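Student: I would be grateful for a close look at one part of this model, followed outward into its surroundings. Please keep the account connected rather than itemised.

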Amino acid sequence: MIKIAVFASGGGTNLQALLDAQETGLFKGKIGLVFSNLPDAKALERAETHRVESVAITSKGYSGSREEYDKEVLRLCQAKKIDLICLAGYMRILTPVLIKAYEYRIMNIHPALLPKFGGEGMYGHHVHEAVIKAKEKESGATVHFVIEGVDAGPIILQGHVKVFPTDTPQTLSEKVLKVEHLIYPEAVRLFCEKKIIVNEGKVRIIP
Ligand code: GRF
């Protein structure tokens, strides 16, 4: 059984989608840890409701370096025997400390069709504003593995939505979130069934 940790800093609707999918038996994995860098993240409450262990290590005012912080997080994940880390609105850029220890075992979800509209500063409403400003006809969401470099890793799954001239960042974000909630559990299912192979930096999904 694959043991999963979900890292979240915010509302945690993607965490909720993963918890719900686990409960319906979509994937043969177990969310064994919800981690946050913010002790008041709503995601932690969602974990408690579902009786999943939750841990927060406050990043604001943390005395050590970013690497030291990630070493603590890594020790936690290793102690809990975590196999897969799912970033779900986790608002920190990971250091190589975690990325190397969990190579191709950390996923992230991004609210656009990467490689477009990714990179530093492209998060939350900034993404949807940029998509609308660029007059894109479609947008969507991407689940990808995390490597060094923001939003840069091999793409696992994407889901598309149409962008209409009447869309606002708010309406677009709502549409994209719905897609996120479908593709993230599906990516986890594929991982748990060992159907994702990474070769030369590209993902191949075994049918
Ligand atoms: C999502 O839009 C996700 O793509 C991005 O952060 C947001 C998190 O939303 N990485 P939620 O906390 O899961 O509701």
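Where is Pro115 placed?

Tutor: The model is a predicted one, and every value below is to be read in that light. Pro115 belongs to the loop between strand E5 (106–110) and helix H5. The peptide bond that joins Leu114 to Pro115 is cis, its omega lying near 10 degrees.

From this loop the account passes to H5 itself. H5 covers residues 125–133 and packs against helix H6, residues 169–192. Two quantities describe such a pair of packed helices, namely the angle between the axes and the distance separating them. For H5 and H6 the angle is about 110 degrees, and the axes lie 9 Å apart. An arrangement counts as roughly perpendicular between 65 and 115 degrees, which is why H5 is described as roughly perpendicular to H6. The handedness of the crossing between H5 and H6 is right-handed. On the side of H5, the residues that make the contact are His128, Glu129, Val131 and Ile132. H6 contributes Pro169, Leu172, Ser173 and Val176. Sorted by class, the contact of H5 with H6 comprises 5 nonpolar, 2 polar and 1 charged residues. A general property of the α-helix is useful when reading such lists: with 3.6 residues a turn, residues three or four places apart point the same way.

After H5 comes the loop leading to strand E6 (138–145), in which Lys135 is found. The phi of Lys135 is positive, near 55 degrees, in a residue that is not glycine. Lys135 has a relative accessibility of 69% and therefore counts as exposed, the threshold for that class being over 50%.

H6, the partner of H5, can be examined for its length as well. With 24 residues at 1.5 Å a residue, H6 is expected to span 34 Å, and because its end C-alpha atoms are 34 Å apart, the two values agree. Within H6 lies Glu186. Its relative accessibility is 26%, so Glu186 counts as partly exposed; that class lies between the 20% limit for buried and the 50% limit for exposed. Beyond its neighbours within four places in sequence, Glu186 is in contact with Leu26 and Leu157. Between the C-alpha atoms of Glu186 and Val6 the separation is 15 Å, although these residues are 180 residues apart along the chain.

H6 is followed by Lys194, which is found in the loop between H6 and strand E8 (196–199). Lys194 is not a glycine, yet its phi is positive, about 55 degrees. With a relative accessible area of 60%, Lys194 is exposed.

A second helix pair, H1 and H2, may be set beside this one. H1 (residues 13–23) and H2 (residues 42–49) pack at an angle of about 20 degrees, and their axes are 9 Å apart. Angles under 35 degrees count as roughly parallel, so H1 is roughly parallel to H2. The crossing in which H1 passes H2 is right-handed. Thr13, Leu15, Gln16 and Leu19 of H1 meet Ala43, Arg46 and Ala47 of H2 in this contact. By class, the contact of H1 with H2 holds 4 nonpolar, 2 polar and 1 charged residues.

Terms used:
Residues numbered from 1 in each chain as written. Predicted model: local features only at pLDDT ≥ 70, side-chain atom pairs only at ≥ 80, totals over all residues. Heavy atoms only, no water. Axes fitted to C-alpha atoms, helices over the stretch in contact; angles between N-to-C directions. Helix = DSSP H or I, 4+ residues; strand = E, 2+ residues; numbered from the N terminus. Parallel < 35°, antiparallel > 145°, perpendicular 65-115°, else oblique. Left-handed = near helix turned anticlockwise from the far one by under 90°. Contact = heavy atoms within 4.5 Å. Nonpolar A, V, L, I, M, F, W, Y, C, P; charged D, E, K, R; others polar. Buried < 20%, exposed > 50% of the residue type's maximum accessible area, 1.4 Å probe, protein only. Expected span 1.5 Å × (residues − 1).
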